[in-house]
Amino acid sequence: MRTVTSTFQPLSRLDSSREVVRQFTPNWFAVTMGTGILAVALAQTPFRAMGEVLWVANIVLFSLFTVIYAARWAIFPGEAKQVFNHPVMAMFFGCIPMGLATIINGFLIYGAQRFGASVFIVAETLWWIDVALAALCGVAIPYMMFTRQSHSMEQMTAVWLLPVVAAEVAAVSGGLLAPHAVNGLTVLWVSYTLWALSVPIAMSMLVVLLLRLALHKLPHASMAASSWLALGPIATGALGLMTLGQVAPDILTAHGLDQYGAAASGIGLIGGVMMWGYGLWWCAMALLITCRYLRDGLPFNLGWWGYTFPIGVYALATLKLSVLLPITAIGLLGYSMVGLLGVIWVIVAGRTLAGAWRGELFASPCVPK
């Protein structure tokens, strides 16, 4: 009878609740990315109220994770800093600014209706923090890859993309913020710069990833969700071009730069369409790869959150494209992908809650056994 009872004890795998802090890693912030992108996507559907609830829940999650991770650095600094040497876990630092970006987007989408224009000041303040974190991740983590981490072609996965993609996610948030910012032109300029800091580097990584997959085949099943991560920078790049291109003409005109407005709008549409089309290929490939993994067995881990954000941002890019190009089929595809995202989120969130309750998901690879 005692054995049955212990099975249902919270954190039963861990020696103590203190181990939650000791074993906490930045990949937990992928939960806020997946939850946040669903909250943002639902704002464009009849389930907007549900999206707002998820946005508030995501703020709570992000705050909780931030406190726990800060506590780890305060209590276990020696073990915490080992993450910088780990060739996989260090990549997940990019999840922190990307999770924060979804919260900022929620302030712009939901907050204004609830709290009035003052919410734009909060959003802009958080956005500048997000910009700093994204730029830091995009430079510092690759530098550590070059100087202190051990990598090989055979071990490469799309997880490499996480630290550099954060900048283009911030660029999309900047496109939403710019019309409401104190200095919209500055936000617009920084957003285009962030896009350029991220997308070309991510595209170069995808070239190497194609070669790696051709030479060494699929990675271990524990990294199965990484097959979708390649879709992330493509979809975010497309969404960024379309979002910035949509707001740029009015901002440029207000500053006497109206001659560039039409160019920004045109680049946003044409560039967005081409990147969206490129994303279709990766979407199809990721779907085929996932079916292959499902056939052979797919163990659950926090990496499953890698299914959510890429699908979500591609759904948003599709819906944005359906606004710029009023073609019914595009809109239907976008809403279908939001529905798929919702189903995946329910599955992954449920299994994450169960795994966290048992303590199975608190396991830092940087902590000695």
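**Salt bridges, a buried helix and the α7–α8 loop**

R358 is partly exposed, with 32% relative accessible area, in this predicted model. The side chain of R358 meets that of E360 in a salt bridge, at 2.9 Å from N to O, and E360 is likewise partly exposed, at 42%. Elsewhere, salt bridges with shared partners link E19, R22 and E79 into one network. Within this network, the closest N and O atoms of E19 and R22 are 3.4 Å apart. These two residues sit three places apart in helix α2 (residues 18-22), and are therefore separated by about one helical turn. E19 counts as buried at 14% relative accessibility, and R22 does too at 18%. A further salt bridge pairs D296 with R295, with 3.5 Å between the closest N and O atoms; here both residues are exposed. The count of salt bridges comes to six.

Helix α13 offers a handy check on geometry. Its 17 residues (308-324) should span 24 Å at 1.5 Å a residue, and the end C-alpha atoms lie 25 Å apart, which agrees. Because 15 of the 17 residues are buried, α13 is largely enclosed by the rest of the structure.

The loop between α7 (119-147) and α8 (162-177) holds Q149, which is buried with a relative accessible area of 9%. The Q149 side chain makes a polar contact of 2.8 Å with the side chain of H151. Beyond four places in sequence, the contacts of Q149 include F84, N85, H86, P87 and M144. M153 also has its place in the loop between α7 and α8, but is partly exposed, at 32%. Together with V207, V208, L211 and L215, M153 forms a nonpolar surface patch of about 420 Å² accessible area.

How values were computed: Residues are numbered from 1 along each chain as its sequence is written. This is a predicted model: local features need pLDDT of at least 70, side-chain atom pairs count only at pLDDT 80 or more; totals for chains, interfaces and linings use all residues. Side-chain values use heavy atoms; hydrogens and water are left out. Helices (H or I, at least four residues) and strands (E, at least two) are DSSP runs, numbered from the N terminus. The expected span of a helix is 1.5 Å times one less than its number of residues. Buried means under 20% relative accessible area, exposed over 50%, partly exposed in between (1.4 Å probe, protein chains only). A polar contact is a pair of N or O atoms within 3.5 Å; within protein, one must be able to donate a hydrogen and the other to accept it, and residues adjacent in sequence count only if both atoms are side-chain atoms. Contact means heavy atoms within 4.5 Å. Patches are made of residues with over 30% relative accessible area and no salt bridge: like charges are joined within 9 Å, nonpolar side chains (Val, Leu, Ile, Met, Phe, Trp, Tyr) within 5 Å. Accessible areas come from the Shrake-Rupley method with a 1.4 Å probe; for residues, only the protein chains shown count as cover. A salt bridge is a side-chain nitrogen of Lys or Arg within 4 Å of a carboxyl oxygen of Asp or Glu.
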